[in-house]
Amino acid sequence: MILLLALLIGVVAGLRALMAPAAVAFAARFGGLDLTGTPLAFLGYMWTPWILGLLALGELITDQLPTTPSRKVPVQFGTRIVMGGLAGGALGASQHMLIGGIVAGAIGAVIGTLAGAAARARLAATFGQDRPAALIEDGVAIIGAILIVLAAA
């Protein structure tokens with residue numbers, strides 16, 4: 001079950017790179033995930049969730065800008081894979097499956113990046129503009145991240 005949740009939090013990272021680690025960090029800080037004694041314990045430190053939360057909020061804002069590069073360019077794609085691996089690894093580490101969580105999260109990030117881009121393009125074509133599609137994608141990422149970390153807790 002935890003590896004499925006790690007895969008799904010990776011999908012969230014594919015949609016919004018920083019949403020997944022922010023959600024995991026808040027869960028770790030406020031007792032939902034026990035990362036004590038793991039290499040990812042820093043996610044539960046006092047300032048980590050707030051810093052990641054602010055960065056995730058900034059990502060939501062900058063994603064609305066027309067100059068934001070595609071999520072499929074190498075730097076954006078690579079960042080999503082790393083963040084998916086980090087968030088998936090945290091979920092896995094909470095149940096002594098760090099490596100499996102990293103791999104599942106990274107695979108989920110690839111799925112989320114490619115499927116998210118395709119879904120958003122279709123939605124944008126349906127709406128005739130990108131903004132409603134982007135807002136729907138934001139909502140899916142936020143609600144998905146919350147539900148996944150609650151299920152993992």
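Let me begin with the chemistry of a lining: in the second largest pocket of this predicted model, the residues divide by class into 14 nonpolar, one polar and no charged. That pocket holds about 210 Å³ of space, and of the 15 residues that line it, Met19, Ala22, Ala23, Phe26 and Ile146 lie nearest its centre. Three helices, α2 (19-29), α3 (48-62) and α6 (131-152), each supply at least two residues of this lining.

Now to the largest pocket, where the space comes to about 270 Å³. It is lined by 15 residues, and the closest to its centre are Asp63, Pro69, Ser70, Arg71 and Arg120. The elements that give two or more residues to this lining are α4 (74-93) and α5 (98-127), and it is α5 that gives the most, with four residues. By class, the lining of the largest pocket has six nonpolar, three polar and six charged residues, whereas the lining of the second largest pocket, as I said, has no charged residues.

Let me return to Phe26, which I named among the residues nearest the centre of the second largest pocket, and turn to aromatic pairs. A search of the whole structure finds three of them. In one, Phe26 and Trp50 are arranged edge-to-face, at 4.9 Å centre to centre and with 90° between the planes. Because Phe26 lies in helix α2 and Trp50 in helix α3, this pair ties together parts of the chain that are 24 residues apart in sequence. Both rings are partly exposed, Phe26 with a relative accessible area of 26% and Trp50 with one of 45%.

Trp50 also forms an edge-to-face pair with Phe30, here at 6.2 Å centre to centre and with 80° between the planes. That pair, too, links distant parts of the chain, since Phe30 sits in the loop between α2 and α3 and Trp50 in helix α3, 20 residues apart. Phe30 is exposed, with a relative accessible area of 55%, which is over the 50% cut-off. Through these ring pairs, Phe26, Phe30 and Trp50 are linked into a cluster.

Finally, staying with helix α3, I would like to look at Thr48, which lies in that helix. Is Thr48 buried or exposed? Thr48 is buried, because its relative accessible area is 15% and the cut-off is under 20%. A polar atom of the Thr48 side chain lies 2.7 Å from the backbone oxygen of Phe42. If we leave aside neighbours within four places in sequence, Thr48 is in contact with Ala25, Phe42 and Leu43.

Methods
Residues are numbered from 1 along each chain as its sequence is written. This is a predicted model: local features need pLDDT of at least 70, side-chain atom pairs count only at pLDDT 80 or more; totals for chains, interfaces and linings use all residues. Side-chain values use heavy atoms; hydrogens and water are left out. On a 1 Å grid over the protein atoms alone, a cavity is a set of points where a 1.4 Å probe fits but cannot get out, and a pocket is an open set with protein on both sides within 12 Å along at least five of seven lines; lining residues have an atom within 4 Å of a point. Grid points are joined across faces, edges and corners, and a volume is the space filled by probe spheres set on the points. Ala, Val, Leu, Ile, Met, Phe, Trp, Tyr, Cys and Pro count as nonpolar, Asp, Glu, Lys and Arg as charged, and the others, Gly among them, as polar. Buried means under 20% relative accessible area, exposed over 50%, partly exposed in between (1.4 Å probe, protein chains only). A polar contact is a pair of N or O atoms within 3.5 Å; within protein, one must be able to donate a hydrogen and the other to accept it, and residues adjacent in sequence count only if both atoms are side-chain atoms. Contact means heavy atoms within 4.5 Å. Rings of Phe, Tyr and Trp (its six-membered ring) pair if their centres lie within 6.5 Å; planes under 30 degrees apart count as stacked, over 60 as edge-to-face and the rest as tilted.
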